[in-house]
Amino acid sequence: MNPSTALARVLVDELARCGLSEAVVSPGSRSTPLALALVAHPEVRVHVRVDERSASFLALGLARVSRRPVAVVCTSGTAAANFHPAVMEASESGVPLLVLTADRPPELRGTGANQTADQIGLYGGAVRMFAEVGTPDPVPGMVAYWRSLSCRAWAAALGGRPGPVHLNVAFRDPLTPDEPGTGAPAWTEPLEGRDLGRPWIGRPGPCAEPVPFTLPAVERGVIVCGDGDYDPVPFLALAELTGWPLLAEPTSNARRAGAVSTYRQLLASPGFAAGPAPELVVSVGRPNLSRQILAYLRRAERHVVVTAGAIGDPSASLANAFSDPARTATDVVAAVAAPGGLDLDGPVGTDWSRWWFRAEAAARTAVDTVLDADEALSEMRLARDLVSHVSAGSLLFAGSSMPIRDLDATMRARCGVRLVGNRGVSGIDGTVSAAIGAALAHQADGTGGQAYALLGDLAMLHDQNGLVIGPGEPRPDLAVVVVNNDGGGIFSGLEQAGHPDFERVFGTPHGVSMERVAAVADLPYTRLEWATDLPKALLGEGLRVIEVQTARTDSAVLRRRVQAAVDEAVEGVL
């Protein structure tokens with residue numbers, strides 16, 4: 001067996017023993033050994049994409065929803081650079097990825113050889129581990145090295161701070177397996193791993209639960225659940241026990257019964273914001289979706305940050321993995337416990353909690369009244385109605401920019417829907433591919449429910465390659481709902497909106513209908529105009545595109561109207 005084939009087969013086999021079940025491959029010559037080893041392995045489902053950026057975000061979506069490392073493979077040169085945005089997102093959002101970049105052998109580097117670039121440490125500090133695997137040489141000890149390295153990479157991707165791992169794999173010719181009957185020499189030692197399919201290095205089970213930090217007994221406490229893949233139930237229970245309001249971003253998956261669904265507007269309301277400051281804020285995840293939350297964190301006398309959700313040793317996550325964007329943290333802990341002396345037989349009612357929930361009831365009515373006044377679908381109403389209409393067990397992928405913010409502003413509390421999005425770096429690149437990967441993972445075992453994505457038009461155009469899936473490739477059951485306001489709607493609500501060059505530089509109109517995008521990928525297309533038609537439009541199977549056309553200026557005006565209605569309603573109950 002030639003050295004390149006031996007290396008690739010051992011790496012793939014050992015990763016599969018660790019638990020690898022999904023891999024994404026882009027075509028290329030230097031990566032041939034890895035690609036062939038992956039498609040030949042019976043335990044690995046392989047997805048092929050012609051665009052490396054799309055491939056890496058597909059892997060990201062698969063890993064985010066499955067919570068397991070996914071391998072993504074490319075050839076040498078600029079192909080590896082196209083992985084960089086997804087690697088950055090995986091790093092910041094704590095998603096485990098195995099980035100396998102094929103490379104030229106050392107003797108060809110720095111010589112002007114074709115398709116050769118410096119790939120050593122390409123992703124810098126965005127990876128949890130980097131290894132230059134080295135060229136495969138037929139000498140004793142190589143199999144143990146390759147298998148041990150694979151186990152280390154897997155453990156690093158799933159460690160106390162999950163994230164991407166980069167293995168740069170140099171291959172010499174020949175890159176394809178030896179033809180039968182050619183008399184190729186056997187490898188110098190057995191290639192097999194441990195018996196009974198065990199990984200080369202056994203990994204310990206989960207560590208003991210951390211000792212919780214007992215919170216101080218205060219009346220004016222608030223719980224903030226930001227983006228992240230953690231169990232929200234303990235924080236919902238904490239809110240129930242203490243009476244403290246719970247403010248939950250959509251991708252926290254904590255906006256359930258009892259959560260304050262209109263906190264975004266309440267904290268922006270002058271009358272409400274002038275009320276008492278919190279004595280204590282308990283935050284978990286990454287609370288960075290709104291300026292209002294960041295400003296509110298600065299008002300707290302004490303801010304306890306919980307690093308819940310880290311896999312492995314919780315103490316390992318404390319040094320680097322906690323989120324404190326406003327620099328207000330006073331305590332960083334692995335878990336929290338309710339203050340002592342509380343009545344555990346029922347929820348606590350205080351003047352503070354009653355003040356919050358009076359305002360929530362008034363604001364909720366105000367938001368819904370304004371949105372329901374027009375049957376034509378606005379961006380805000382689409383977000384609210386979409387998450388309300390999808391059935392229990394569904395997955396909803398939220399695009400960055402306005403879709404996730406409209407969900408935050410309008411979503412009622414509900415259970416049974418898993419919301420995810422690329423909130424690590426919050427870019428719009430790779431959004432279509434990440435949504436497809438998320439849907440594929442959600443439906444991988446055949447028991448997952450429906451999958452939906454709510455995206456903006458620029459995100460769709462930025463990653464329309466993600467819709468191009470070859471024949472025979474796994475395809476999701478995914479409705480991609482696109483808000484088309486002909487440009488960058490988020491900028492209409494920011495300071496630059498009044499600049500004379502705004503429309504060209506920030507509005508960036510494109511004039512492209514999503515029907516044309518769907519046609520390129522040969523996908524079913526529906527144009528949706530009326531709110532009452534939404535349930536019917538969502539029906540269907542397979543990958544499909546639903547377009548809602550809006551006007552950026554109208555949407556900006558509607559958001560101001562909603563805020564004004566909340567301001568007036570809150571003034572009446574405070």
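This report walks through two sheets, a few helices, the nonpolar cores and two individual residues of a predicted model.

**The two sheets**

Let's begin with the strands. Six of them form an open sheet in the order E2-E1-E3-E4-E6-E5, with parallel pairing. Its edges are strand E2 (45–48) and strand E5 (129–132); each has a single partner strand, so one side of each is left without a neighbour in the sheet. From one strand to the next, the twist averages 15°. If you follow E5 to its partner, you will find four bridges joining it to strand E6 (residues 164–170), and the two run parallel. Within that pairing, phenylalanine 130 has histidine 166 in E6 as its bridge partner.

Another open sheet of six strands follows the order E15-E14-E16-E17-E19-E18, again with parallel pairing. Here strand E15 (417–420) and strand E18 (525–527) stand at the edges, and because each has a single partner strand, one side of each lacks a neighbour in the sheet. The twist in this sheet averages 20° from one strand to the next. Strand E16 (residues 451–456) and strand E17 (residues 478–484) run parallel and are joined by six bridges; leucine 455 is paired in E17 with valine 482.

The table puts the two sheets side by side.

| Strand order | Edge strands | Average twist |
|---|---|---|
| E2-E1-E3-E4-E6-E5 | E2 (45–48), E5 (129–132) | 15° |
| E15-E14-E16-E17-E19-E18 | E15 (417–420), E18 (525–527) | 20° |

**Helices on the sheet**

Helix H14 (residues 402–410) packs on the sheet that contains E16, touching strand E14 (394–398), E15 and E16, and its direction makes about 110° with that of E16. Helix H15 (residues 431–442) lies across E14, E15, E16, E17 and strand E19 (543–549), running at about 165° to E14.

**Nonpolar cores**

The largest nonpolar core has 52 residues, and those with the most contacts inside it are Val24, Phe397, Ile436, Met460, Leu467, Leu478 and Leu543. Apart from it lies another core, of 43 residues, among them Leu38, Val44, Val46 and Cys151. Looking beyond residues up to four places away in sequence, isoleucine 436 touches Arg49, Leu58, Gly466, Leu467, Ile469, Pro476, Leu478 and Leu543.

**A helix with two faces**

In helix H10 (residues 291–299), the buried residues are Ile293, Leu294, Tyr296 and Leu297. They sit on the same side of H10 because they cover an arc of only 160° around the axis. Arg291 and Arg298 are exposed, on the face turned away from the buried side. What do the buried residues of H10 pack against? Their partners are E8, strand E9 (246–248), helix H8 (263–268), strand E10 (280–284), strand E11 (302–306) and helix H12 (351–372).

**Two residues to look up**

Proline 216 lies in the loop between strand E7 (213–214) and strand E8 (221–225). With 23% relative accessibility, proline 216 counts as partly exposed. Neighbours within four places in sequence aside, proline 216 is in contact with Trp244, Leu280, Arg302 and Pro339.

Arginine 384 belongs to helix H13 (residues 379–389). Is arginine 384 buried or exposed? Its relative accessibility is 2%, so arginine 384 counts as buried. A polar contact of 2.9 Å joins the side chains of arginine 384 and aspartate 385. Outside its neighbours within four places in sequence, arginine 384 is in contact with Arg364, Asp368, Leu371, Asp372, Thr410 and Arg412.

Definitions and conventions
Residues are numbered from 1 along each chain as its sequence is written. This is a predicted model: local features need pLDDT of at least 70, side-chain atom pairs count only at pLDDT 80 or more; totals for chains, interfaces and linings use all residues. Side-chain values use heavy atoms; hydrogens and water are left out. Buried means under 20% relative accessible area, exposed over 50%, partly exposed in between (1.4 Å probe, protein chains only). Contact means heavy atoms within 4.5 Å. The arc is that of the directions from the helix axis to the C-beta atoms. Two strands pair if DSSP finds at least two bridges between them. Axes are lines fitted to C-alpha atoms, for helices over the stretch in contact, and angles run from 0 to 180 degrees between N-to-C directions. A polar contact is a pair of N or O atoms within 3.5 Å; within protein, one must be able to donate a hydrogen and the other to accept it, and residues adjacent in sequence count only if both atoms are side-chain atoms. A nonpolar core is a set of buried Ala, Val, Leu, Ile, Met, Phe, Trp, Tyr and Cys residues joined through side-chain atoms within 4.5 Å.
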